[in-house]
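Colleague: Please take one part of this model and look at it closely, keeping the cut-offs explicit as you go. I would like a connected account rather than a list.

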Amino acid sequence: MATLQYCNICNQALGEPVYVSPRNISVTSNADIVPIPTQVYFCETCGHLETPPFDNLESYYDTGYNILIDSDDEDQLYQSVDGQKAFRADFQLETLLKKQTIPMDSKILDFGSGKGTTLRRLALRRPDIAYSLFDVSQAYVPFWEKFATPDQWATYTLPERWNENFDLVISFYVLEHVAELREIVKNIVRVLKPGGKFYFLVPNVYANIGDFVVVDHVNHFSENSIYHLLESSELSVVEIDTKTHDSAFIVTAQKKPAIEKRNLEIAPLTQRVNQISEYWNTVVERVQVFETKHVNEPVAIYGAGFYGTYIATCLRNLSWVQCFIDQNPYKQNEKVLDKPIIVPDDLQENIKIIYVGLNPRKAVTTIGAISTWSERGHTYFFL
Ligand SMILES: [Zn+2]
């Protein structure tokens, strides 16, 4: 019997199953009967319920599943209220349009599209959008050909050409079938633009307990486990809606914007660290080259804090340093390296050489703002 050792979402070790069917007969979401037991495990770390994938699950979806393949217009009845029939694709489209503002000319991918019925209806409603289709079967291609061209679809793997391509990825009743859940979500994140949205529906087993024993639903989500999955995948949860649909979670997540993502990458950081290191490697030499050009002239160091003191430690000869200059009134009675600290206005006229010991990002602006110095003909050293 297939077993599950680790959680599909948080990878923590799972204990014994919380449920094993009493018979070796199970039913799939497509109402196929398979001669195996159903097992359900519960992850106490992230609150996920999961069922071991049965053998040949991938080939089942590739060649055996093909839901609603019989005709173009066949659709699943979602509910029938007061004689009004509501079909699943229509409901999905109306809900999507209600919950998502889709900007003009958006690029949208239907992930696990099946025939693409919902997307096709969306495209009729919104001719401005650019849409693409993806599924793990070739069986849907004849349907896609009726409203899309081959560059608009892919099967089995999400192609590199789609990296950071989509404003919105939609996915209806797909993630509950996927054993490699974290891998799939990672790939969806890959094809989203920074800030792009991932909008999906999955069954809510707590609202429809039949989902517990659907043997090809390897994932039975909770709000907890959805949250855990998304937040550990470079996505931020925007909303987990449990109300709009009576037996599904409607989830909106957003790929973290580029600025946050960039902070998570090490390569640019390494480059910047090397730059800063290189900068500090050359500071002593730069100070001393400047010092050599101005021997026997009285000098001052602007900044009685870290940077000013650092410059002082670089100088070969401190005796020409007349004073430190600092605008902080609390420092006026102190000394640095036995030199007095004065305010800019008190600088003697004969001192023309100033080492600026300030954060290099702000130094030029700070010095430029000292109005009484503007006509003094100083020569500055900037870090
Ligand atoms: Zn878990």
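**Metal site and core**

Modeller: Along the chain, the donors of the zinc ion are spaced as C-x2-C-x32-C-x2-C, a donor being an N, O or S atom within 2.8 Å of the metal (3.2 Å for Na, K and Ca), with water not among the atoms, so that sites may look incomplete. The model is a predicted one, in which local features need pLDDT of at least 70 and side-chain atom pairs count only at pLDDT 80 or more, while totals for chains, interfaces and linings use all residues. Residues are numbered from 1 along each chain as its sequence is written, and side-chain values use heavy atoms, with hydrogens and water left out.

The SG atoms of C7, C10, C43 and C46 are the protein donors, at 2.3 to 2.4 Å from the zinc ion. The angles among these four donor atoms run from 98 to 115°, and the site is tetrahedral, a label given to four donors if all angles lie between 85 and 135 degrees. Both C7 and C10 are buried, where buried means under 20% relative accessible area, exposed over 50%, and partly exposed in between (1.4 Å probe, protein chains only).

Turning to the interior, the largest nonpolar core has 37 residues, of which V169, F198, F221 and I226 touch the most other members; such a core is a set of buried Ala, Val, Leu, Ile, Met, Phe, Trp, Tyr and Cys residues joined through side-chain atoms within 4.5 Å. Among the elements that each supply at least two residues of this core are β11 (166-172), α5 (181-191) and β12 (192-203), helices (H or I, at least four residues) and strands (E, at least two) being DSSP runs numbered from the N terminus. With five residues, α5 gives the most to this core.

Within α5, the residues L181, V185, I188, V189 and V191 are buried. They lie on the same side of α5, because they cover an arc of only 170° around the axis, the arc being that of the directions from the helix axis to the C-beta atoms. In general, an α-helix has 3.6 residues a turn, so residues three or four places apart point the same way.

If neighbours within four places in sequence are set aside, the contacts of F198 include V169, I188, L192, L230, L235 and V251, contact meaning heavy atoms within 4.5 Å. A second, separate core holds 24 residues, including I102, Y131, W153 and Y173.

Methods
Four donors count as tetrahedral if all angles lie between 85 and 135 degrees; four count as square planar and six as octahedral if opposite donors are over 155 degrees apart and all others between 65 and 115; anything else is irregular.
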